[in-house]
Amino acid sequence: MKAALLRYRIMATVVGVLLIVLCLIGLPLHYGYVLFPESLPEGGRAYQLGADISAYLGVAHGWLYLIFLIMAFMLGRRARWEMPFLVVTLLCGTVPILSFWAEHRATVKVRAEYPETA
């Protein structure tokens, strides 16, 4: 159980950080020209940086999110989570910052039910 929890926590953190960088840095720089054409012109350095972040981190986040789903599902099955708890935990990986709350919630639940993991 301890190893499954550790794998889940690592993937939740990695996916959460990548999603924050993607949503709060990459996408605003990439699409900022729509709202701020003078400050962030299309084709400028900021636009290109945002496009690169969006392209590379977007793909990385997608693949790592799949690994996160597998790790969360495996932990959920091993810890015998109820289906609503498992579904909420899986879906929280798609929302920036909320994934950290879900990881904390899952860790507290596993450690409470399986004290040997603490």
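**Helices, burial and salt bridges**

Q: Why is R9 called partly exposed?
A: R9 has a relative accessible area of 31%. Buried means under 20% relative accessible area, exposed means over 50%, and partly exposed is what falls in between (1.4 Å probe, protein chains only), so the 31% of R9 makes this residue partly exposed.

Q: What kind of model is this, and which residues and atoms count?
A: This is a predicted model, in which local features need pLDDT of at least 70 and side-chain atom pairs count only at pLDDT 80 or more, while totals for chains, interfaces and linings use all residues. Residues are numbered from 1 along each chain as its sequence is written, and side-chain values use heavy atoms, with hydrogens and water left out.

Q: What makes the pair of E103 and R9 a salt bridge?
A: A salt bridge is defined as a side-chain nitrogen of Lys or Arg within 4 Å of a carboxyl oxygen of Asp or Glu. The side chains of E103 and R9 meet at 2.5 Å, N to O, so the pair satisfies the rule. Because E103 lies in helix 4 (residues 98-113) and R9 in helix 1, the pair ties together parts that are 94 residues apart in sequence. E103, with a relative accessible area of 11%, is buried.

Q: How do you know that E82, K109 and E113 form a network?
A: By the salt-bridge rule the count comes to three. One of these joins K109 to E82 at 3.5 Å, N to O, and since K109 lies in helix 4 and E82 in the loop between helix 2 (45-78) and helix 3 (83-91), the pair ties together parts that are 27 residues apart in sequence. Another joins E113 to K109 at 3.2 Å, N to O; both residues lie in helix 4, four residues apart, about one turn of the helix. K109 takes part in both pairs, and E82, K109 and E113 are accordingly linked in a network of salt bridges.

Q: Why is K109 counted as buried, and E82 and E113 as partly exposed?
A: K109 has a relative accessible area of 17% and is therefore buried. E82 at 42% counts as partly exposed, and E113 at 39% likewise counts as partly exposed.

Q: What makes L18 buried and L27 partly exposed?
A: L18 lies in helix 1 and, at 15% relative accessibility, counts as buried. L27, which has its place in helix 1 (residues 2-35), counts as partly exposed at 32% relative accessibility. Contact means heavy atoms within 4.5 Å. Not counting residues up to four places away in sequence, L18 touches L57, A60, H61 and L64, and L27 touches L22, G32 and S54.

Q: How do you know that the protein is more spread out than a compact globule?
A: The protein has four helices and zero strands, where helices (H or I, at least four residues) and strands (E, at least two) are DSSP runs, numbered from the N terminus. The radius of gyration is taken over C-alpha atoms, and the globule rule is 2.2 Å times the number of residues to the power 0.38. The radius of gyration of the protein is 17 Å, well over the 13 Å that the rule gives for 118 residues, so the protein is more spread out than a compact globule. Along its principal axes the C-alpha trace spans about 55 × 25 × 20 Å.
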